[in-house]
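Colleague: Got a minute to walk me through this one? I'd like the ligand surroundings, then the fold, then a few odd residues.

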Amino acid sequence: MTFHCKNYDIVEDKCKRLHGECVPGRRGCVVEGRVALSEELEEKIKALNGTVSEEFLELLKKK
Ligand code: SF4
C-alpha cells in the first residue's frame, strides 16, 4: 500500500511537520497509532524515540 502525506516534502525528502525524516507512524506523525507497521518501521521508530521533544509534540496537538 502507498499513500501521499501532505506533510511530506518530496524535494527535501523529509517531513515538514516533524522537521526530520519521514517515518510513517513515528511520534507526532499524522498516522501514529492508526496503521499497522512493518517490523522495519517499528525498528526505525524505536531508533527515533526521544528525538522529538514532548513540548514540540504538545504544540502539534494544538494545530
Ligand atoms: S512522518 Fe508522518 S506526517 Fe511526516 S511526512 Fe511522513 S507520514 Fe507524513
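**Around the ligand and beyond**

Modeller: Sure, starting with the ligand: 13 residues surround it, and the closest are Cys5, Tyr8, Cys15, Cys22 and Cys29. A residue goes on that list if its C-beta atom, placed from the backbone, lies within 6 Å of the molecule.

Colleague: Before I go on, what kind of model is this, and how are residues numbered?

Modeller: It's a predicted model: local features need pLDDT of at least 70, side-chain atom pairs count only at pLDDT 80 or more, and totals for chains, interfaces and linings use all residues. Residues are numbered from 1 along each chain as its sequence is written.

Colleague: OK. Which classes make up the shell around the ligand?

Modeller: Ten nonpolar residues, one polar and two charged. Here Ala, Val, Leu, Ile, Met, Phe, Trp, Tyr, Cys and Pro count as nonpolar, Asp, Glu, Lys and Arg as charged, and the others, Gly among them, as polar.

Colleague: Where does Tyr8 sit?

Modeller: Tyr8 is in strand S1. It counts as partly exposed because it has 15 C-beta neighbours inside 10 Å. The scale is: buried with 20 or more other C-beta atoms within 10 Å of a residue's own, exposed with 12 or fewer, partly exposed in between, with C-beta atoms placed from the backbone.

Colleague: And what does Tyr8 touch?

Modeller: Cys15 and Cys22, leaving out residues up to four places away in sequence. Contact means C-beta atoms, placed from the backbone, within 7 Å.

Colleague: Switching to the fold. How many helices and strands are there in the protein chain?

Modeller: Two helices and two strands. They're DSSP runs, numbered from the N terminus: helices are H or I with at least four residues, strands are E with at least two. The order from the N terminus is β-β-α-α. The radius of gyration of the protein chain is 11 Å, close to the 11 Å from the globule rule for 63 residues, so the chain is as compact as a globular protein of that length. That radius is taken over C-alpha atoms, and the rule is 2.2 Å times the number of residues to the power 0.38.

Colleague: What are the spans along the principal axes?

Modeller: About 30 × 25 × 20 Å for the C-alpha trace.

Colleague: What share of the protein chain counts as buried?

Modeller: 8% of the 63 residues. As for contacts with a separation of 6 or more, 25% come from residues 24 or more positions apart.

Colleague: How many residues of helix H1 are buried?

Modeller: Zero of its ten; H1 covers residues 39-48 and is hardly covered itself. Just after H1, Gly50 takes a positive phi of about 90°.

Colleague: Which residues other than glycine have a positive phi?

Modeller: Asp13 is one, with phi near 55°. His19 is another, at about 55°. Asp13 sits in the loop between strand S1 (8-9) and strand S2 (14-15), while His19 is in the loop between S2 and H1.

Colleague: Are those two buried or exposed?

Modeller: Asp13 is exposed, with 9 other C-beta atoms within 10 Å. His19 counts as exposed too, with 11 C-beta neighbours inside 10 Å.

Colleague: So which buried residue can you show me?

Modeller: Try Gly28: it counts as buried, with 20 C-beta neighbours inside 10 Å. Gly28 lies in the loop between S2 and H1. It touches Arg17, Leu18, Val52, Leu57 and Leu60, again skipping residues up to four places away in sequence.

Colleague: How far is Gly28 from Val52?

Modeller: 8.2 Å, C-alpha to C-alpha, with their positions 24 residues apart in sequence.

Colleague: And Leu60, where is that?

Modeller: In helix H2. Leu60 is partly exposed, with 14 C-beta neighbours inside 10 Å. Leu60 touches Arg17 and Gly28, with the same sequence neighbours left out. The C-alpha atoms of Leu60 and Cys29 are separated by 9.4 Å, at 31 residues apart along the chain.

Colleague: Last one: where is Ser53?

Modeller: Ser53 is in the loop between H1 and helix H2 (54-62). With 10 C-beta neighbours inside 10 Å, Ser53 counts as exposed. Its C-alpha is 9.8 Å from that of Arg27, 26 residues away along the chain. From Tyr8, 45 residues away along the chain, the C-alpha separation of Ser53 is 20 Å.

Note on methods
Two residues are in contact if their C-beta atoms, placed from the backbone, lie within 7 Å.
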